Every structure is written in structure tokens, then in C-alpha cells.
Amino acid sequence: MSAGPGGSFSRTQYRLGFWLLLAPVVLWLGLLIILPHIDMVLVSLRERVASRQYEFSFSNYITFFAEPLYWNTFVRTAVMSIVATLLTLMIAFPVSFYIAKVLSGRPKMALFILCLIPFWVSELVRTYGWMILLRETGLISGALQWLGFIDQPVELLYNDAAIMVGLIYTSMLFMVVPLVTTLDSLDNSLIEAGYDLGGSSWHVMRSIVIPHAMPGIMSGCIVVFMLTLGNYLTPTLLGGKDSLWFTEQIYTQFITRFNWEQGAAFGILLLVLSSLIVWAGLKVTKQSFTRVMS
Amino acid sequence: MIPSISSSRFYRVSYLCYVLLFFIFLITPLVVVAAFSFNDSLFPSLPWNGFTLDWYFGEHEPRLGLFHDDALLESIGVSVQVATVTTLASLALATCNAFLFEREQFPGKNFLYVLMLMPLVVPGVILGVSILVFSSTVANWFEVTFDYDIEALRPGLVLVALGQFAFITTIATLVISARLRKFDVTQEEAAMNLGASRLTAIATVTLPFLKPALLGAGVVAFLMSFENFNTTLMLVGSDAPLTIAMFDRLREGSTPVLNAVSVLLMVGSACLALISVFTQRPEKE
Amino acid sequence: MSEQAFVSDASAEEQEDLACSLLSKHFGDFAAVDKVSFSIARGAFFSILGPSGCGKTTLLRMLAGFQEPDSGDILIKGRSVLHTPPNKRPVNMVFQHLALFPTMSVAGNIAYGLKRKGIPKREHEALINDVLDKVQLPGYGNKRIDQLSGGQKQRVAIARCLVLKPAVLLLDEPLGALDLKLREQMKIELKRLQQEFNTTFVYITHDQSEALVMSDQVAVMNKGRFEQVGTPQELYYQPATAFVAGFIGDSNQYVGQVQEQSGETITLVTEHGVRLLSHSSQPMPAGAPITVFIRPEVMQISMVKPETEQDNCLQVTILRTLFDGARSQLQVETAEGAVLTVALPQTADFHALEPGRSVYVSWQANQCLCFPVPAETEAQPEVAQ
């Protein structure tokens, strides 16, 4: 009996237990996730005509497409997020492979935990660390002067490269953990069999290791992409005033300009973009959402 | 490639160097933050002016140390309150969810499960914004209809806690479900067979089994809440949690007292990490 | 086919710890338990033996209250427990995988039921020590479950139930997870415990050796029904159905046809064309399809044709010897091509037997049994394990 023990309990008592379990999850998802998003869609589709007077309109979306600043910021955010995700994957994969397959026993656990450490510290602190490193009076600039590469302080902060470094650094964890987990579950004898049957390193990697790690790669990429796209802290602090990140536009509309209708439209656009890319990623690699997420 | 397959010395050494570089990359920013909390300078930057503990214990401006900076201490208190409430609430709901998804069969279960995972793929800023919009819609409607303003639905700590609860619950649910899946249901039957009612069986047999997962999820939930920035930023009112307070100071440019706070956070996180490692340990045998 | 044996009268009922009448449980169209009736005398060791999927676990779960029967009644000490939830039934169960609580110590596991019963805490220690002594684990109270060996876990699982003094103890194949040696020990141990506690045991298993060694009564179950209920000896020597004959013990089975019947002796011809004499209590028309069962140990091997008249005597060629100590067997083939397995006594007489040699095997008609092939299915009962 799949309903678990208690088959001989009276039906009503059993159903009562079920409804008591169902009610909170429905309330949670309904009140904090679904209704707020529906309401945001509704708000984004209205226009204020007078004080407390609204009417249905697409004007917020039209503004988005008509204003190059918004439109460019949007595309730029998406492209940079994708690049950051791919770079994170490329940097993290060899390290994850090293932890999962080359090491064993105590060093393996130690290195894996070392990977987790930055995750235990607030994103704010991590970004702050990069600010101290990259700023004009910072460590890297100082080191370069001391080495004689440059003769006056150089500002390494407030450019796209700085944003990229910060994004990759912040996301690294969410890539390494799923990769190590899936690679760890790959039986070493499969790799050995690949070699034994005459495969080259590259071929074994491509036909055995990567297909096996695909769920981990996908879940890592999805989470990293999501976090990057929705990041506010890193672009603002490392990119400065001209970081042109889309979440900043949302923040500006909501908090600074108090134009909630426009901000809601931006939010919906970002959400649609993120869902689309996640969906496309899943489709291309033929992975299922529930499998990737858990 | 793997130790059982021979590879050239050059390959092995360069691979090792790469991994070393990676860990240097990983650890440097944290070391730098910690180091500069002891720098005897008004700015967290070079040159190094010698060692000081002023940024922890300094009593007067401009060298006001962390333990005398009332604004920072207050924001830490706010963060602890919010994190405690969020953790307890999300653990309670996540436990219910785990039982619902692992034990019950009902139509639409898969749909509900996907919905339950949704908060993970909604960017934090948008989650915050949507709750902000919806709560003020409800509050406005209430005000117009009943001429009463529900303070709790205006930006403030209640909304911050709700916003964090909305996505932390999903993470806690995944952790607790994974543990519940390993539970042998016949243990509950055995408990009933020995005279326990169903609820007693769950309380005395199942929940003790879930304890490591509950503790682990609790630690993660607490940290996630404590460190959350994106959702909090959109919902915050006049009382600023620590991350918001730090962010404001960071933008204005601040003394190394922020480094001292960071060190405190690192120590706190390390303690929590140790707790969760120790509570998980007995299971590993 | 067992109902007729259990017409209960009032006086008998007081002697019964457990009785079922016409108990049924269906899953969709599938009848897991089909009108099963039986009663178990007080203090008996009762086994339900059957292949996997025969419905024995469902039956046990109904007795424990984890499943509701579709129809029929369950009486424990003469009172119906049909509407009693599992935690209120005076039965306790040793689960297949024991289901000991890993979060509690041995004493905690045993105290669990005592607490639920509301027995005062000060009495716990004496009760726990007493039951631990009886299962021969004195001083194990503070051990963790994961510190115990397989056999010790068994004992704790039994102690946890017996400390509650149940009317009936249900055991769901508890020896399945043990290795062979330990299983042999635990069989004897279980029988000893049952006698010491004088509690009614209902033991389900697919392992006939467990059932035969330990039980006072065994019910052989197949496809949701009881085929036969009897003492181990009855089942072995007087199987009531072809299924029981095939399931209990090893047998050479052949399909054949009745040639003629005189009294209780039947002359039959197997599908290979071997002519045999067999015992049968029921009348069978000539030409009727039947299955004949001959146990390996009833056949005598001799180098020369036996001098005394034997009902069945076949000249056969040795195919191979299957050496297994005291359980060694010989595979032989008749001139017609029928293969027989014969028990090979480990005496000096037979050490020289080698493949290809011609010997005689002989047995009396009343040492083999035959049953009509059921009309609806030609399939032979599968012999599990």
C-alpha cells in the first residue's frame, strides 16, 4: 500500500491528516509565490492615468523596447550571465574532477570542505574582499607597482572584468558541489574500461565522463545562471555606477523612482528570460527539471 | 586521468598547479578581508600601518570598533531575530512538505512538486519585488475597504522574514525529504505494533531519525537567512538587517570596522559549520 | 480446501489464541488472500509456508492490523479485532528487517512498548533485564543497535515484543537476512524461546526447513489459499495436494496417465513410457492425466536386481554423482530416457559408483504418491527455493 501505514485507520481520520499536510504547502506557494507573481503581472500591465487611477496598458513593455538603455542593459545582463556561467563551468570542472576522481579519503574530504568555505561566508564579505584586492589603493595594484610592471596606481575596479571575476567567484560553489557529487558517483572501473577498450583520454572524457556528469553540469549551470542573472550586489559594488545590470534597473524603478508599474514589467521580463534559458538548457541536454533540481 | 591510469609527470604537476591556483583564488579575498581588519589605518587598503585591535575594541570615532558600534550591533540583532524566525518557520513547513511528498499519493502531486521547486529558479530580487507588490496590494485594499492599515504588510522585518521563508523552505524541504526517503517505514509500523498511535510513532521514531537532517537544514536555513541580500533589499523597511547595513556603509566607503564584522561573520559561520559537521558525523559509520 | 477441518465449537474456542474465518483481501482483481480460515491452539508454533507472492505477508499484515480485510473475521482470544487499530491489538510482530529503532539503545527499544502501555517507569528495568536474560543477552541494555550482530538484533526484536506479553507473536520471515549457519542456530533458539515464553507464534516463511523444524502446525499457502494444514510429518508424508507434495521436500516428478486401478494401487505410464505402480487413496479413471511424486530417499540402489519382489524396480544408467556430504545424490537415467534423482547413502557399498555404470533402483508402490493434474492448469507448481 503506497499510502503508508494506517490502512486500517478510518478513512476520515486519514484524509484529515492529508489535508493538514496539504494546507500549509498550498498556503505557502499560493500566498508567497503564485499570487505575488500574478499580481506583479497585473501591475506591469497597467498605467497610472491619475492619482489612484489606473487603466490597462502595455505602455510599460513598450517603454522597455523603445528605450535603448533598458533594452541594452537587458541583453548585456543576459550575455554576461551566460558567459559567466560557461567560464565558471570551465574553471570548476577540472577542479571537481580532481576532487572526485584523483583524490581519495581524507585529502578528498578536506579539499571538498575547503571548496565549501566561501559559501559559509556572506556574499557581501566575498565581494568586499575583491574590492580590497582590486581598488586603486588595493593589493593587486600595489603588488604590480612593487614588481615594477606599472609606475603608478591602477584602478582595476569598476569594469566588466571585475564584475566577471566577482560573479565567477560568487558562483563557483554552486558549480563545484553538483559536479563533485555526480562525478563521485561515476564508477572508476567505467573509466578504466574506456581505456582498456582503447579510448584516448579525450574520448573517454567525452563519451563516458561528461554524459555521466550531465545532470550535475546542468543543475550547476542552471543555479549559477539564475544567481548571476539575479545578482545585484556584485555588479553594483564591483561595477560601480556604470555596471548596467538589469536588477539595478528594477531596483531603481521600485525604490528610487517609485515607478512600480515599470519595475514590475522589468521583473516579469527578467523572469521570462531566466525561465526561457533554463528551459532551453534542459531541452538541449534532455534533462528533467525535477531530476536536475534535487 | 585517474590514479590507476598512468599519465606523464608534466601532466600531473600542471594539473596540481591548476588546482592550487584555484584554491588560492578561492581563499585570497577572505584572507585579505580578515587581514585588513587588523590594519592600523582608517581605510581598508594599503599601505600596511601595523597591527591594531581598534576595529574591534576602539571606543571613539573615527576609530569606533565593532563592539562599540551600536548601529552595527543593532543590525546584527535584527538579523539574528529574522534568521531565527525564518529558520523555525521553514523547518516546520519543510517537515510537513517532506511527509506530504514522500508519503502521500494524490493527483497533481508532480505538479505541486515542480511548483515547490519554483522558488529556487526565481531570482531573489524578483521574489522580493513580487512579494512587495502583492503585500501592498493587499494592504491598500484593506485600507480602502476597512480604513485600517496593516503595518505588517508594509516593507519591514515581517516582509523580510516572509520573503526569505518563501525560498528557504524549498531548500529545507529538499534536505529533509532526502533523509525521510531513507527511513524504513516499517519502523513506524513496528512502533504502532508496540502500542503507539500514529502521531506518537512519528514523534518518537521518525522525528529522531530526521534529527540530523533537521539540524543540517536548520543551520543552512539560518545562514541563508542571515546572509540574504537580494530579497531582503527589496522588502526592508527602517530596521536594517546586517547585510543591508553593511551594504550601505560599503557604498559610502567605510573604516575597516567592516572587516571586523566580516571576521565575526566568518567565525560565526565556521562555528555553525562545525556544529552541522558534528551532528552529521555519527551517520557516516 | 481446509475449511472443513475447522468447524469450531464453543469449547474449542476458549483454547484458541487466534482464529480467522473466511478472511479475504483483494488488490484490484487479484485475490491476495482468498477465504482463508484457520485457528491456532494456545501456545502453538504455527507456520504459514508458501512461495513468495502467495499472500502470506498480506495475511500477516491483516492480523497485525496494517491492512483491512475485505471480508471475514479475525478473532484473538475469542474477540473480533477487526475494528481495533494496530496499536491496540494484543499481537506483536517481528518484522522482516526487524525494524529496530536505530536512534534508541537496546533498552530503549524494549522500553518503547512498555512506555506506550503506561507501565510505570520504575518497573521497566526489572522487566527489561528479565527479558534480556531470557533471550540470552544479559547486560546488553546500553548497547546501540548498530553495535549488535545479526543474531543479536533478532533477539532484541523478539525481546521487544515478548516483554509486552502478547497473546500472539507474529514473525515475518525474520531469519531471511541471516547467513546459513546463524539461521540454523536461530531456528533452534526460536523454538526454545517459544517454549520458554509459552506464547503462540505465527511464523511466516518461504523456507520449508524453517517451518518443518520449528512448527507444531504448518499451513501451506498457495495463491491466497491454504492448501493443507497439518503437522510437519503429515505434510511430508501425507501431502493432500500435488502442490504440497511438490513444495515440501525434494521429489522426482513425472507427468503420466492412469492405466488401471486396483484397490489403492494404481498402474501408470509416465510420459517417457516408464510403467510404475503408485499408491492413491482416490479413485482415478483409466486414461486420466496425473502427476507422480517419488522422493529421492525412498529409492533403494542396488548393484544387482533385488531378490525380493519390489513394486517398482528399474534398471538405470548412472549419469553423474552430486556429492553433498550426507545429502549426496545420484542422477540416473532409465532406458526410456527418464531422469531420476536418487539419494546416495554415504556407505562403503556405493563408493565405486561411476558414470555409465548400470544399477537398479527400487521402491514400493505406497512410497510414491500421485495426484490428478488439475483440469484448468497444466502448469506444475513452482518449487520455490
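## A tour through chains A, B and C

Begin by selecting A:Tyr158, which sits in the loop that connects α6 (139-147) and α7 (160-184) of chain A, and keep in mind throughout that this is a predicted model. A:Tyr158 counts as partly exposed because 18 other C-beta atoms lie within 10 Å, a number that falls between the 12 or fewer of an exposed residue and the 20 or more of a buried one. Once its neighbours within four places in sequence are set aside, A:Tyr158 is in contact with A:Gly239 and A:Gly240. If you add A:Ser207 to the selection, you will find that A:Tyr158 and A:Ser207 are 49 residues apart in sequence and 42 Å apart in space, C-alpha to C-alpha.

Stay in chain A and select helix α3 (residues 68-102), whose 35 residues should span 51 Å at 1.5 Å a residue, which agrees with the 50 Å between its end C-alpha atoms. Along the way α3(A) bends by about 30° at A:Ala92, and the proline A:Pro94 follows within four residues.

Now show chain B as well, where 75 residues are in contact with 72 residues of chain A. On the chain A side, helix α1 (residues 11-44) of chain A supplies the largest share, 15 residues, and the residues of that side divide into 48 nonpolar, 18 polar and six charged.

Move next to chain C and select the open sheet of six strands, which has the order β6-β7-β8-β3-β9-β10 and mixed pairing. Its edges are β6 (91-94) and β10 (225-230) of chain C, and each has a single partner strand, so one side of each is left without a neighbour in the sheet. From one strand to the next the twist averages 20°. Helix α2 (residues 56-64) of chain C packs on this sheet, touching β3 (45-49), β6, β7, β8 and β9 (217-222), and its direction makes about 145° with that of β7(C). Within the sheet, β7 (residues 168-172) and β8 (residues 200-205) of chain C pair in the parallel sense over five bridges, and C:Leu170 has C:Val202 in β8(C) as its bridge partner. Helix α5 (residues 150-162) of chain C lies across β6 and β7 of chain C, running at about 175° to β6(C).

Finish with the open sheet of five strands in chain C, ordered β15-β19-β16-β17-β18 with antiparallel pairing, where β15 (300-302) and β18 (339-343) are the edge strands. Strand β17 (residues 329-334) of chain C is joined to β18(C) by five bridges, and C:Val332 stands opposite C:Leu340 in β18(C).

Notes: Residues are numbered from 1 along each chain as its sequence is written. Chains are lettered from A and ligands numbered from 1 in the order in which they are written. This is a predicted model: local features need pLDDT of at least 70, side-chain atom pairs count only at pLDDT 80 or more; totals for chains, interfaces and linings use all residues. Two strands pair if DSSP finds at least two bridges between them. Helices (H or I, at least four residues) and strands (E, at least two) are DSSP runs, numbered from the N terminus. Two residues are in contact if their C-beta atoms, placed from the backbone, lie within 7 Å. Ala, Val, Leu, Ile, Met, Phe, Trp, Tyr, Cys and Pro count as nonpolar, Asp, Glu, Lys and Arg as charged, and the others, Gly among them, as polar. The expected span of a helix is 1.5 Å times one less than its number of residues. The bend at a residue is the angle between axes fitted to the seven residues ending there and the seven starting there. Axes are lines fitted to C-alpha atoms, for helices over the stretch in contact, and angles run from 0 to 180 degrees between N-to-C directions.
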